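Reader: I would like a close look at one part of this model, the open sheet and what surrounds it. Please go through it strand by strand, then add whatever else helps to place it.

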Amino acid sequence: MNHFGQIPSFVNTREFSCEARSFLKNGYYTNSPPGTYAYREYWDEQTRRCLEGFEVGGVRITGPHYFYLNFTQIKATVKKGKLERKILTFPSFLDMDYYYFDECEKARENGQGMIVAKARRKGFSYKNGALCVHQYNFFKDSTSIIGAYLNEYGGATMAMSLEMINFLNKHTAWAKRRNPDRRDFVKARFKEIVEGKEVWNGYNSEIFTLTFKDNFSAAIGKTADLMLWEEAGKFPNLINAYMITAPVFRDGNVMIGMPLIFGTGGDMEGGSNDFAEMFYNPDKYWLRPFENVWDEGGAGTNCGFFIDDMWYKPGKVTLENGDVVSMVDEEGNSNRAAAEEFLDQERKIIKTTDSRTTWEKYITQSPKTPREAFLKSSGNIFPTIELNAWLGELEVTKKAQDMAMLGELYWEKDIVKWMPNIELKPITKFPIKPTDDKTGCVVIWEHPFRDNDGNTPYGLYIAGTDPYDQDDSTTSSLGSTFIYKTFQKFDKTYNIPVAEYTGRPETAKEYYENVRKLLTYYNAQSLYENNLKGLKIYFEQKKCLHLLKPQPNILKDIVNRSTVSRGYGVHMSQPIKVQCEIYLRDWLLEKRADTEEGDQLNLHSIYSIPLIQELIAYEKDGNFDRVIAFMLCILHSHENYHIDLEAQFKFSEGDKFWRSSLFKKTKKTF
């Protein structure tokens with residue numbers, strides 16, 4: 001499949017919908033009387049096409065696609081005179097649909113499922129409903145399940161399926177009696193008397209909906225030929241539910257059915273992390289892989305199937321040269337270049353005239369890339385659009401990889417020194433998998449400033465730490481510390497993260513010691529989350545409490561009449577956390593400098609890819625260890641905002657400090 005460089009143009013596509021056009025003209029499919037040879041021959045041919053596909057001019061569409069075009073009706077926009085309105089009619093041929101149905105067929109043939117991320121308003125609920133009805137109509141004893149976290153998500157697709165079945169019963173030779181015949185469950189069967197006994201007869205195919213909200217194992221004990229997972233981006237613990245449900249469509253290592261997992265841009269909420277994990281690792285979950293040609297830096301890696309908003313964009317756009325062009329032609333070919341021009345124009349207008357929330361919502365609902373579709377437009381205070389763009393740039397240019405220095409910190413008497421070690425493995429992605437190595441290591445982007453005597457100004461570097469206590473854990477929680485460089489007149493860089501240590505080595509003491517060495521190396525104090533006591537106890541035992549920041553006075557302004565006093569660190573209560581989020585958001589968006597490439601923001605000084613990934617995925621509940629640690633850096637900087645380093649230090653022409661006492665050396669440790 002071409003993904004999606006030079007897209008071939010389809011011609012004479014009306015020929016794929018001959019039966020639909022005949023029905024619209026006459027009100028029926030065939031004028032041959034039921035029971036006649038001609039009638040049976042007509043419907044036998046239509047059955048064959050719906051199963052084997054249909055070819056015109058050397059181009060073949062799949063059986064389900066043919067069925068969708070000719071025997072299902074959808075709400076579509078049509079022109080009536082000078083007006084356009086939505087009516088119930090047959091679908092038009094679209095190049096987008098051609099590729100989707102074709103890939104679904106290939107997935108079935110190869111014993112694979114499909115995971116799809118998409119833009120809004122592309123009609124996939126109808127397409128998926130048609131797949132369920134196709135299975136129901138042509139495969140005896142088959143089962144199709146429409147699953148979702150909440151009933152409302154699967155109910156819409158089920159309602160469309162029922163409309164399609166009713167149309168078949170009324171207008172085709174494929175009519176089937178149903179019992180039960182409910183809005184959530186239909187089965188093609190009926191009761192009859194055989195030799196004086198009441199028995200079930202019929203096709204015995206079925207479609208039903210399942211809700212997983214209160215029971216992630218709701219499908220256990222069933223078998224499905226087709227299983228839809230609707231609005232998977234809203235599905236908490238999607239991976240857990242999927243793996244528990246796997247025997248429904250998988251027998252050993254044989255796929256006996258086909259899972260179809262869908263997520264829509266703008267609707268990624270509690271399940272977005274799981275959905276993204278499955279989307280970017282399709283092979284691991286028995287899903288059809290595609291080369292990731294959509295995300296910046298994605299070339300050479302696999303992902304799921306993506307429908308961006310340049311496919312099927314009805315209407316016209318005025319190009320920069322003044323030409324007015326259609327974004328979809330009469331043959332159903334998408335003019336992707338024109339659609340992208342339209343999207344860029346819309347984004348520019350919305351960004352400059354509407355709120356940030358509106359702009360972010362538009363980006364996620366009308367995405368160009370999977371990353372844009374996965375952005376959370378609600379519940380995340382951080383600038384996800386800008387962070388996502390910076391993440392793409394880092395991955396394409398390899399800036400983060402090139403700047404990262406890996407190594408070990410070690411004691412030489414009471415001095416901490418650095419030894420490079422490229423064999424170490426930092427944790428480079430979020431979220432981390434349970435099977436991944438969580439040891440981690442120190443990553444440095446800029447070593448500490450030293451004067452001619454080898455000293456580092458006390459207060460030039462500050463830190464934030466989100467610790468952990470227990471040695472063993474079944475969670476993905478990590479310990480994280482960031483070193484943040486504040487402002488000084490005599491150096492080029494300022495207000496940037498310069499080092500990170502995120503990990504979970506074999507013992508908590510090993511983690512604490514690595515934090516202690518990192519703080520000593522930068523002569524920095526750390527503001528830490530103090531709901532866990534292990535870090536403070538360890539530092540107290542090592543006679544280095546001076547490396548921990550006392551409880552900030554600024555907390556009294558954040559929490560009215562606060563009487564909590566814990567000596568060191570911060571208890572991350574809800575009011576404090578909200579204020580820290582605001583501080584961090586403002587820092588991320590703070591302008592640094594004007595360049596030819598545009599405004600440079602503070603966020604462009606972050607070279608920790610997993611921190612950026614956490615910021616993009618952030619929600620108030622969950623393990624976002626790096627975000628908490630970096631929040632504490634920014635809170636720490638607000639506490640120290642009144643310190644003017646320029647006033648504290650004076651230089652001679654030889655770059656020597658007159659006030660060497662301001663260089664506070666680390667206390668001797670034992």
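**The seven-stranded sheet**

Author: In this predicted model, strand β6 (residues 143–148) and strand β11 (residues 226–229) run parallel and are joined by four bridges. Within this pair, I146 is the residue that stands opposite L228 in β11.

On another side of the account is the pairing of β6 with β10, which is also in the parallel sense and extends over six bridges. Here A148 stands opposite T211 in β10. Strand β10 (residues 206–211) has five of its six residues buried, so it is largely enclosed by the rest of the structure. β10 also pairs with β7, in the antiparallel sense, over three bridges. In that pairing, V186 has I207 of β10 opposite it.

These pairings belong to an open sheet of seven strands, ordered β7-β10-β6-β11-β14-β5-β17, and the pairing in it is mixed. β7 (185–187) and β17 (305–307) stand at the edges; each has a single partner strand, so one side of each is left without a neighbour in the sheet. On average, neighbouring strands of the sheet are turned by 20 degrees against each other, direction ignored. In a regular strand, side chains alternate between the two faces of the sheet.

Two helices can be placed against these strands. Helix α7 (residues 238–245) lies across β11 and β14 (258–264), and its direction is at about 170 degrees to that of β11. Helix α8 (residues 272–280) packs on the sheet as well, touching β5 (114–118), β14 and β17, and its direction makes about 120 degrees with that of β5.

Two loops connected with these elements have backbone features to check. The loop between β11 and α7 contains N237, which has a positive phi of about 55 degrees although it is not a glycine. At 45% relative accessibility, N237 counts as partly exposed, because that class lies between the 20% and 50% limits. The loop between α6 (151–171) and β7 contains P180, and the peptide bond from N179 to P180 is cis, with omega near 5 degrees.

Helix α8 also leads to the second largest pocket. α8 is one of the elements that each supply at least two residues of its lining, and the others include α12 (384–397), β25 (496–503) and α18 (609–617). This pocket has a volume of about 1300 Å³. Its lining comprises 44 residues, and E395, T428, K429, I609 and Q613 lie nearest its centre. By class, the lining has 21 nonpolar, 14 polar and nine charged residues.

β22 (441–444) is among the elements that supply at least two lining residues to this pocket. The loop between β21 (415–420) and β22 holds P431, and the peptide bond from F430 to P431 is cis, with omega near 0 degrees.

Two further residues complete the account. K543, in the loop between α15 (534–541) and α16 (555–558), has a positive phi of about 55 degrees although it is not a glycine. At 52% relative accessibility, K543 counts as exposed. T13, in the segment before α1 (18–26), is buried, with a relative accessible area of 4%. Leaving aside residues up to four places away in sequence, T13 touches F93 and E331.

Notes. Residues are numbered from 1 along each chain as its sequence is written. This is a predicted model: local features need pLDDT of at least 70, side-chain atom pairs count only at pLDDT 80 or more; totals for chains, interfaces and linings use all residues. Side-chain values use heavy atoms; hydrogens and water are left out. Two strands pair if DSSP finds at least two bridges between them. Axes are lines fitted to C-alpha atoms, for helices over the stretch in contact, and angles run from 0 to 180 degrees between N-to-C directions. Contact means heavy atoms within 4.5 Å. On a 1 Å grid over the protein atoms alone, a cavity is a set of points where a 1.4 Å probe fits but cannot get out, and a pocket is an open set with protein on both sides within 12 Å along at least five of seven lines; lining residues have an atom within 4 Å of a point. Grid points are joined across faces, edges and corners, and a volume is the space filled by probe spheres set on the points. Ala, Val, Leu, Ile, Met, Phe, Trp, Tyr, Cys and Pro count as nonpolar, Asp, Glu, Lys and Arg as charged, and the others, Gly among them, as polar. Buried means under 20% relative accessible area, exposed over 50%, partly exposed in between (1.4 Å probe, protein chains only).
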